[in-house]
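Colleague: I'd like a close look at one part of this model, the largest pocket, along with whatever is built around it. Could you walk me through it in one go?

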Amino acid sequence: MSPGDVVAYLEKLPSIAWPYGLVVAVQENGVRAPGDDARIKRSREELVRLLEKTGAKVDLWPSG
């Protein structure tokens with residue numbers, strides 16, 4: 001899912017899906033192919049930027 005698709009999906013959720021307000025945990029996939037790090041980093045940074053633009057509180061979680 002692209003960062004823009006994630007934000008669009010979250011915006012469609014009813015307010016009952018947000019019992020703690022606009023709080024989103026972001027976690028990277030721990031399984032990667034060689035050379036994926038830069039692309040994953042760019043996607044994470046874009047997702048965080050887009051989420052914060054909507055007023056969401058973003059919390060970065062470590063991957064497993």
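Modeller: Sure, here is the pocket first, then the elements and side chains around it.

Keep in mind that this is a predicted model. The chain has 64 residues, and 22% of them count as buried. Its C-alpha trace spans about 40 × 20 × 15 Å along the principal axes. As for secondary structure, there are 2 helices and 2 strands, and starting from the N terminus they come in the order α-β-α-β.

Now to the pocket itself. The largest pocket encloses about 280 Å³ of space. It is lined by 14 residues, and those closest to its centre are Gln27, Glu28, Ile40, Ser43 and Arg44. Sorted by class, the lining comes to 6 nonpolar, 4 polar and 4 charged residues. Three elements put at least two residues each into that lining: helix H1 (3-12), strand E1 (23-27) and helix H2 (37-53). H2 gives the largest share, with 5 residues.

Let's take strand E1 next. Its side chains alternate: Val24 and Val26 point to one face and are buried, whereas Val23, Ala25 and Gln27 point to the other face and are not buried. That last one, Gln27, is also among the residues closest to the pocket centre. E1 has a partner in strand E2 (residues 57-61), and the two pair in the parallel sense over 5 bridges. You can check the register at two places: valine 23 has lysine 57 of E2 as its bridge partner, and alanine 25 stands opposite aspartate 59 in E2. Put H2 between the two strands and you have a right-handed β-α-β unit, made by E1, H2 and E2.

The loop between H2 and E2 is worth a stop too, with alanine 56 sitting in it. Alanine 56 counts as buried because its relative accessibility is 10%, under the 20% cut-off. In space, its C-alpha atom is 6.8 Å from that of valine 24, though the two are 32 residues apart along the chain. Valine 24, remember, is one of the buried side chains of E1.

Something similar can be done for helix H2, where valine 48 has its place. At 15% relative accessibility, valine 48 is also buried. Its C-alpha lies 9.8 Å from the C-alpha of valine 7, with their positions 41 residues apart in sequence.

Then there are the charges. Side chains of opposite charge can pair when their charged atoms come close. This model holds 5 salt bridges, and a network of them links Glu28, Arg32, Asp37 and Arg44. Two members of that network, Glu28 and Arg44, are also among the residues closest to the pocket centre. Within the network, the side chains of aspartate 37 and arginine 32 meet with an N to O distance of 2.7 Å. How open is arginine 32 to the outside, buried, partly exposed or exposed? Arginine 32 is partly exposed, since its relative accessible area is 31%, and that falls between the 20% and 50% limits.

Another of the salt bridges joins aspartate 36 and arginine 39, with their closest N and O atoms 3.3 Å apart. Aspartate 36 is a buried acid by the numbers, because its relative accessible area is 17%.

A further pair sits within H2: the side chains of glutamate 45 and lysine 41 form a salt bridge at 4.0 Å, N to O. Why do these two line up along the helix? They are 4 residues apart in helix H2, so about one helical turn separates glutamate 45 from lysine 41. The 4.0 Å figure is right at the 4 Å cut-off for a salt bridge. Glutamate 45 is partly exposed at 41% relative accessibility, and lysine 41 is partly exposed as well, at 44%.

To pull it back to the pocket: helix H2 supplies the largest share of the lining, and the same helix belongs to the β-α-β unit with E1 and E2.

Terms used:
Residues are numbered from 1 along each chain as its sequence is written. This is a predicted model: local features need pLDDT of at least 70, side-chain atom pairs count only at pLDDT 80 or more; totals for chains, interfaces and linings use all residues. Side-chain values use heavy atoms; hydrogens and water are left out. On a 1 Å grid over the protein atoms alone, a cavity is a set of points where a 1.4 Å probe fits but cannot get out, and a pocket is an open set with protein on both sides within 12 Å along at least five of seven lines; lining residues have an atom within 4 Å of a point. Grid points are joined across faces, edges and corners, and a volume is the space filled by probe spheres set on the points. Ala, Val, Leu, Ile, Met, Phe, Trp, Tyr, Cys and Pro count as nonpolar, Asp, Glu, Lys and Arg as charged, and the others, Gly among them, as polar. Buried means under 20% relative accessible area, exposed over 50%, partly exposed in between (1.4 Å probe, protein chains only). Two strands pair if DSSP finds at least two bridges between them. A crossover is right-handed if, with the strands pointing away from the viewer, the path from the first strand over the helix to the second runs clockwise.
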